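Here are a few notes to help you find your way around this one. Have the viewer open and follow along point by point.

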Amino acid sequence: MGVKDIAFPNLNIYLENVPKRFEIFGIEIALYGVIIGVGMLLSLCLIAYIAKKSGQNADFYWDMAIITVISGVIGARLYYVIFSWDSYKNDLLSILNLRQGGLAIYGGIIGGFLAIIAFTKVKKYRLTLAIDTVVPGVILGQILGRWGNFFNREAFGDYTDGLLAMRLPVDAVRYDEITAKMLEHMEEGANYIQVHPTFLYESLWNIAILIFMLLLWKNKHFDGEVALLYFAGYGIGRFWIESLRTDQL
């Protein structure tokens, strides 16, 4: 198995030379960043669509997006750095190097929602209505963003031989994320580990939540109902998925 290969053997899917980045005019661009960027754009488009369909001013949400995205990225980075401090304490400038990854979704959500609270208060807009409008876009961004972990060969779980089991070359992952259980089940002479594709689990779970959220929007009884579904549904799924991961924050 080559260092750039990824396989799902029980589905008979074998992908060769899956890149982490590509070059344009000699500049390296990480696929993780491209996926995050596309996820943000589609998220904002969905939010604007929901706002328009529900009789709100979509421009309000485009304006709010500027500070929300900035606040979310800062929050995601700070959360990751705080809980991975040993990796940054001797090289503080590396905190600013987002090209190497290191964004925690919890921090992104906290930072983003603090920005929404501040913006709605300044604009005298109903917070619960704004959050109901925003959360479908948030989870759409999370659905797409998780595929950045696929290209980065990160955020996976422990050993499994289930239907969705994923194989990754040992040389393509961080050594401290390889567990004794993975090593125990490695075939003699093999250069790969076989793991839970937790990025895929979360992406599929979030698709289900998004569908329920969009259906609920048409029949909700009060502002904030869609937001409650998001926090409950995402929280339950993340609690289970996080328990499988070998790189828990």
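1. What do the buried residues of H6 pack against? Keep in mind that this is a predicted model. The answer is a list of five elements: strand S1 (6-8), H1, H4, strand S5 (166-169) and H7. The buried residues themselves are Thr 198, Phe 199, Leu 200, Tyr 201, Glu 202, Ser 203, Asn 206, Ile 209, Leu 210, Met 213, Leu 216 and Trp 217.

2. While you have H6 on screen, check its length. With 22 residues at 1.5 Å a residue, H6 should span 32 Å, and its end C-alpha atoms are indeed 32 Å apart, so the two values agree.

3. Next, pick out Glu 202. Glu 202 makes a salt bridge with Arg 238, and their closest N and O atoms are 3.4 Å apart. This pair ties together distant parts of the chain: Glu 202 sits in helix H6 (residues 198-219) and Arg 238 in helix H7 (residues 225-244), 36 residues apart. Are the two partners buried or exposed? Both Glu 202 and Arg 238 are buried.

4. That pair has company. Arg 146, Glu 202, Arg 238, Glu 242 and Arg 245 are joined in a network of salt bridges. One of the links runs from Arg 245 to Glu 242, with the closest N and O atoms 3.9 Å apart. Arg 245 is buried, because its relative accessible area is 11%, and Glu 242 counts as buried too, at 12%.

5. For a contrast, try Lys 220 and Asp 223, whose salt bridge has its closest N and O atoms 3.1 Å apart. Why does Lys 220 count as buried? Its relative accessibility is 19%, and the cut-off for buried is under 20%. Asp 223, at 26%, counts as partly exposed. If you want to hunt for others, a search of the whole structure finds ten salt bridges.

6. Now for the nonpolar side. The largest nonpolar core has 30 residues, and Tyr 61, Met 64, Val 135, Met 213 and Tyr 230 have the most contacts inside it. Helix H1 (31-53), helix H2 (58-83), helix H3 (105-123), helix H4 (127-152), H6 and H7 each give at least two residues to this core. Which helix supplies the largest share? That is H4, with eight residues. As a general point, nonpolar side chains in soluble globular proteins tend to be buried together.

7. Val 135 is a handy place to zoom in. Setting aside neighbours within four places in sequence, Val 135 is in contact with Phe 113, Met 213, Val 226, Ala 227 and Tyr 230. There is also a second, separate core of 18 residues, and Phe 8, Phe 156, Met 166 and Val 173 are among them.

8. Last, two backbone oddities. Most residues other than glycine have a negative phi. Lys 124 is not a glycine, yet has a positive phi of about 55 degrees, and Ala 155, also not a glycine, has a positive phi of about 55 degrees. Where are they? Lys 124 lies in the loop between H3 and H4, while Ala 155 is in the loop between H4 and S5. Their surroundings are worth a look as well: Lys 124 is exposed, at 76% relative accessible area, whereas Ala 155 counts as buried, at 4% relative accessibility.

Conventions. Residues numbered from 1 in each chain as written. Predicted model: local features only at pLDDT ≥ 70, side-chain atom pairs only at ≥ 80, totals over all residues. Heavy atoms only, no water. Salt bridge = Lys/Arg side-chain N within 4 Å of Asp/Glu carboxyl O. Helix = DSSP H or I, 4+ residues; strand = E, 2+ residues; numbered from the N terminus. Buried < 20%, exposed > 50% of the residue type's maximum accessible area, 1.4 Å probe, protein only. Core = buried A, V, L, I, M, F, W, Y, C linked by side-chain atoms within 4.5 Å. Contact = heavy atoms within 4.5 Å. Expected span 1.5 Å × (residues − 1).
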